[in-house]
Amino acid sequence: MIEARHLRVLRAVAATGSFSAAARELGCTQPAVSQQMKALEASAGTPLLIRTGREMRLTQAGEALVRHASGILAGLTAAEEEVAAIAGLRAGRVRLVSFPSGSSALVPTALAALRAAHPGTRVSLVEAEPPRSVEMLREGDCDIALAFRYGDRNGGEGAGADAWDDLVVRPLLADRLVGLVPEGHRLAGAGSVAIGELAEDPWIAGCPRCRRQLVDVCETAGFTPRIDFATDDYPAVVGLVGAGLGVAVLPELAIASVRPRGAVAVTVEPAVEREIVALTLPDLAQVPAVAATLDELTRAAGRTGRPVQPAL
């Protein structure tokens, strides 16, 4: 295998015409230059220099190698500089995938802080709900996945097939589900509402995973919700509730990014929370730009005032 240090010695010998002059230029000893040239010729499998007394000439193979050496060494220098820039956060790229309410409530604050601290780091964002976002991380389509899951203690689905044991899990916050009722609803003025009190109301359901969680919680309370409308769009859920078409439960994070018009938020009992986390792969967690992005997501979550939960 031809090594870069050997190429540098060959280029110095070719430029100066002798081992001693090359040694002076490189700041090493003449025997060291001689040994490295022998090692390079052994790697190449052919003589690279012809020695005649004090004169030294390149063979045809030596000339070819010197011709390529400049480009190879220039490329290595450029690569070293780029890697150093990435390691020092003067450059770098992070591919982030997030679910919608995370995109609106956590990501903007985190990325603004990241850009202020490290303007050379670029972050791209696409949206996907778990478990698809977790699949994208494992498939190499992103570097960080903002995801959530409902715990078994809430009577809902656990991680199941989406177990994160092979991933680095950065806990961000606990996001409680909040009830939404129309302003004229009989329970609009209640401070706390048992979910069973909404058994006879029509429901507006959210994303598929949240929808399953809603059904699980309602069935635990002894009824099956009558879902009249279902939409992945949180503002649409709020709008439908505000128009008096039904009631809903939404994550607090989602309501924080939407102005409820005609709808009133109420505390729902029993409490149901989803765990919001940032996920990455163990090797990616060591990349400076990824680590810095995880730190800013953690700080952004802390500014919401919700408690950070320990990793499960």
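**Exercise 1. Helix 2 against helix 3**

Task: In this predicted model, work out how the axes of helix 2 and helix 3 are arranged, and which residues meet where the two helices touch.

Solution:
- Start with the general idea: a pair of packed helices is described by the angle between the axes and the distance between them.
- Here, the axes of helix 2 (residues 19-26) and helix 3 (residues 30-44) come within 8 Å, crossing at roughly 105°.
- Angles from 65 to 115 degrees count as roughly perpendicular, so that's the label for helix 2 and helix 3.
- Now look at who meets whom: helix 2 brings F19, S20, A22 and A23, and helix 3 brings Q30, V33, S34 and M37.
- Sort the residues of that contact by type and you get five nonpolar, three polar and no charged.

**Exercise 2. The two sides of helix 3**

Task: Check the length of helix 3 against its residue count, then find out which of its residues are buried and which are exposed.

Solution:
- Length comes first. With 15 residues at 1.5 Å a residue, helix 3 should span 21 Å, and its end C-alpha atoms are indeed 21 Å apart, so the two agree.
- Next, pick out the buried residues of helix 3: V33, S34, Q36, M37, L40 and E41.
- These cover an arc of only 165° around the axis, so they sit on the same side of helix 3.
- The spacing rule helps here: an α-helix has 3.6 residues a turn, so residues three or four places apart point the same way.
- Flip to the other side of helix 3 and you'll find P31, Q35, K38 and A42 exposed.
- What covers the buried residues? The cover includes helix 1 (4-16), helix 2, strand 1 (49-52) and helix 4 (60-87).
- One last stop: just after helix 3, G45 has a positive phi of about 80°.

**Exercise 3. T121 and G140**

Task: Decide whether T121 is buried or exposed, list what T121 touches, and then do the accessibility call for G140.

Solution:
- Place T121 first: it's in strand 4 (residues 121-127).
- Its relative accessibility is 8%, and buried means under 20%, so T121 counts as buried.
- Leaving aside residues up to four places away in sequence, T121 touches L89, A91, G92, V94, L114 and A289.
- Move on to G140, in the loop between helix 7 (132-138) and strand 5 (144-150).
- At 39% relative accessibility, G140 counts as partly exposed.
- For a distance check, try G140 and V193: they're 53 residues apart along the chain, and their C-alpha atoms are separated by 44 Å.

Key: Residues are numbered from 1 along each chain as its sequence is written. This is a predicted model: local features need pLDDT of at least 70, side-chain atom pairs count only at pLDDT 80 or more; totals for chains, interfaces and linings use all residues. Side-chain values use heavy atoms; hydrogens and water are left out. Axes are lines fitted to C-alpha atoms, for helices over the stretch in contact, and angles run from 0 to 180 degrees between N-to-C directions. Helices (H or I, at least four residues) and strands (E, at least two) are DSSP runs, numbered from the N terminus. Angles under 35 degrees count as roughly parallel, over 145 as roughly antiparallel, 65 to 115 as roughly perpendicular and the rest as oblique. Contact means heavy atoms within 4.5 Å. Ala, Val, Leu, Ile, Met, Phe, Trp, Tyr, Cys and Pro count as nonpolar, Asp, Glu, Lys and Arg as charged, and the others, Gly among them, as polar. Buried means under 20% relative accessible area, exposed over 50%, partly exposed in between (1.4 Å probe, protein chains only). The expected span of a helix is 1.5 Å times one less than its number of residues. The arc is that of the directions from the helix axis to the C-beta atoms.
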